[in-house]
Amino acid sequence: MNLNYMAFAVPFFLFFIGLEYWFSKRFNRSVFNFNSSIANMNIGVAERLIDMFTAAGFFFFYDYLHNHFAIFDIQPTLLMWIALILSTDLIWYWYHRMGHKVNLFWGFHVVHHSSEEFNYTAGTRITFFQAVIRTLFWSVLPIVGFPASMITIMLIVHGLYPFFTHTQLIGKLGILEYILVTPSHHRVHHASNEAYLDKNFGDMFIIWDKLFGTFAEEKEEARYGLTKQLDSYSFLWQHFHYLVELWYMTKQRQGFWNKVKLVFGRPADLDPYIRAEVEKKFLSRHKVRTRSQKFRVYVLCQFTVMVTMLFLLLLLEHHTDQFLQIMSALFILVTLINCGAIMEQRRWVFFLELIRGFFLAVTTFYYFPHPTTLVFLSLLTIASLSYFSSLQKHYLKSIYGR
């Protein structure tokens, strides 16, 4: 049976997140927060989901560049594997550094830094947009002469290693601190302390930071997150808030070149008060006012079902048709938005439930196109619309409490 074994990355990462959580409780270390951890993993789920549709495209992009523009014909020898891992990490260093120095790139990378907690869930906080930008930077590798197969294998290894640097439970690692990026080094990178800002950009090797003057040793206790915290668990707002802020400020600039300079300028160029203005303009303040944490159970159930769907969708990728893949992906994406909105106690989450119900109805009728199915779904729709207000009231009460 032709299975996609890359799907096992999902339970692999969840196992180590669970293991870190267990150790944190055992040693009485408060490094997990329910809302923040779920928000972090939701972003990781979206990246894995979209990767299912785009991974082949990245491979063919590298393969095309190698076949048409390669300067050398590099073969997979031991020396070339060593050269590839060093080259991959060096390019990452400069991509990462530009991601902190250029507004447009920071708009995609800031999602990874928005979490106020630092644990393995933060290591999953990678977006599809980052993957696209990284691919553009790494496109130099096939042009030099590295074949797409080598690059793909190396990027899997290179993507796996940094996950394990996102933890507070591992201290300094002796001599490895001089060579590799360790959890200690990466805690500095994720900190918002003034002494730690824009430091330790390396992904696997810390040598680049020492070579280019961006290294900082962990000394004072780190404060994680942004210098101005986002204070939102919204799936969509976490992805796009900085791009909206950048767009909003760009509109206020006069002249084309002034706009371009802002887009490719430094994050420090943005007015620090712009976020409050943008949030007031684009974010609804209508929330359900309740002290109950009842919704956590529902969010956890949704997350469990969603991750299970993702795992099966990835595992059976070669045995499912495109319609089921697309409908399942849309269902998962709406669920991600739903989880974030529930954690923010939004009232409009009921409409997301209707959208998910619509996806289920369309999928059901697609595979069972019988008149009985159509009649049943039609009656269900009419009943839902007839008792809309009552259903919404009971729904909000069931997840938020009184």
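Guide: Before we start, accessible areas here come from the Shrake-Rupley method with a 1.4 Å probe. Keep in mind too that this is a predicted model.

Visitor: Good, then let's use that. How much area does the protein chain expose, and what share of it do carbon and sulfur atoms supply?

Guide: The exposed area of the protein chain comes to about 21100 Å². Carbon and sulfur atoms account for part of that, and their share is 67%.

Visitor: And from the inside, what percentage of the residues count as buried?

Guide: A residue needs under 20% relative accessible area to count as buried. Apply that to the 402 residues of the protein chain and the buried share is 48%.

Visitor: What is the chain built from: how many helices and how many strands?

Guide: Helices do the work here, as the protein chain has 18 of them. For strands, the count is zero.

Visitor: What does the radius of gyration say about how compact the protein chain is?

Guide: For 402 residues the globule rule gives 21 Å, and the radius of gyration is close to that, at 23 Å. So the chain is as compact as a globular protein of that length. Along the principal axes, its C-alpha atoms fill a box of roughly 65 × 60 × 50 Å. The value you were after, the radius of gyration, is 23 Å.

Visitor: Take contacts between residues at least 6 apart in sequence: what share joins residues at least 24 apart?

Guide: Contact means heavy atoms within 4.5 Å. Of the contacts that pass the sequence filter of at least 6, the share joining residues at least 24 apart is 78%.

Visitor: How far apart are the mean positions of the positive and negative charges?

Guide: The protein chain carries 35 positive and 27 negative charges. Take the mean position of each set, and the two points are apart by 11 Å.

Visitor: Why is Cys301 not bonded to Cys339?

Guide: A disulfide needs two cysteine sulfur atoms within 2.5 Å. The closest cysteine sulfur to that of Cys301 is in Cys339, and it is too far for a bond. Searching the whole structure turns up zero disulfides. The sulfur-to-sulfur distance behind this is 10 Å.

Visitor: Of Cys301 and Cys339, which one is buried?

Guide: Cys301 has a relative accessible area of 42%, so it is partly exposed. A relative accessible area of 0% belongs to the buried one, Cys339.

Visitor: Let's look at helix 6. Which helices do its buried residues pack against?

Guide: Helix 6 covers residues 128–138, and its buried residues are Gln130, Ala131, Ile133, Arg134, Thr135 and Trp138. They pack against helix 2, helix 3, helix 4, helix 7 and helix 8.

Visitor: Which residues does Leu246 contact beyond its neighbours within four places in sequence?

Guide: Leu246 lies in helix 11 and, at a relative accessible area of 5%, is buried. Pro267 is 21 residues from Leu246 in sequence, with 9.2 Å between their C-alpha atoms. The contacts of Leu246 past those neighbours are Asn103, Leu104, Leu262, Val263 and Leu270.

Visitor: And for Thr363, which contacts does the same filter leave?

Guide: Thr363 sits in helix 16. With a relative accessible area of 16%, it falls under the 20% cut-off and is buried. Apart from neighbours within four places, Thr363 touches Phe323, Leu324 and Met327.

Visitor: Where is Asn200, given its positive phi?

Guide: Asn200 is not a glycine, yet its phi is about 55°. At 2% relative accessibility, Asn200 counts as buried. Its place is the loop between helix 9 and helix 10.

Visitor: Is Gln345, with its positive phi, buried or exposed?

Guide: Gln345 isn't a glycine either, and has a phi of about 55°. The residue is in the loop between helix 15 and helix 16. With a relative accessible area of 11%, Gln345 is buried.

Visitor: One last pair: what is the C-alpha distance between Gly159 and Phe365?

Guide: Gly159 lies in helix 8 and is partly exposed, at 47% relative accessible area. In sequence, Gly159 and Phe365 are 206 residues apart. In space, their C-alpha atoms are separated by 40 Å.

Methods. Residues numbered from 1 in each chain as written. Predicted model: local features only at pLDDT ≥ 70, side-chain atom pairs only at ≥ 80, totals over all residues. Heavy atoms only, no water. Buried < 20%, exposed > 50% of the residue type's maximum accessible area, 1.4 Å probe, protein only. Helix = DSSP H or I, 4+ residues; strand = E, 2+ residues; numbered from the N terminus. Rg over C-alpha atoms; globule rule 2.2 N^0.38 Å. Lys, Arg positive; Asp, Glu negative; His and termini not counted. Charge placed at Lys NZ, Arg CZ, Asp CG, Glu CD.
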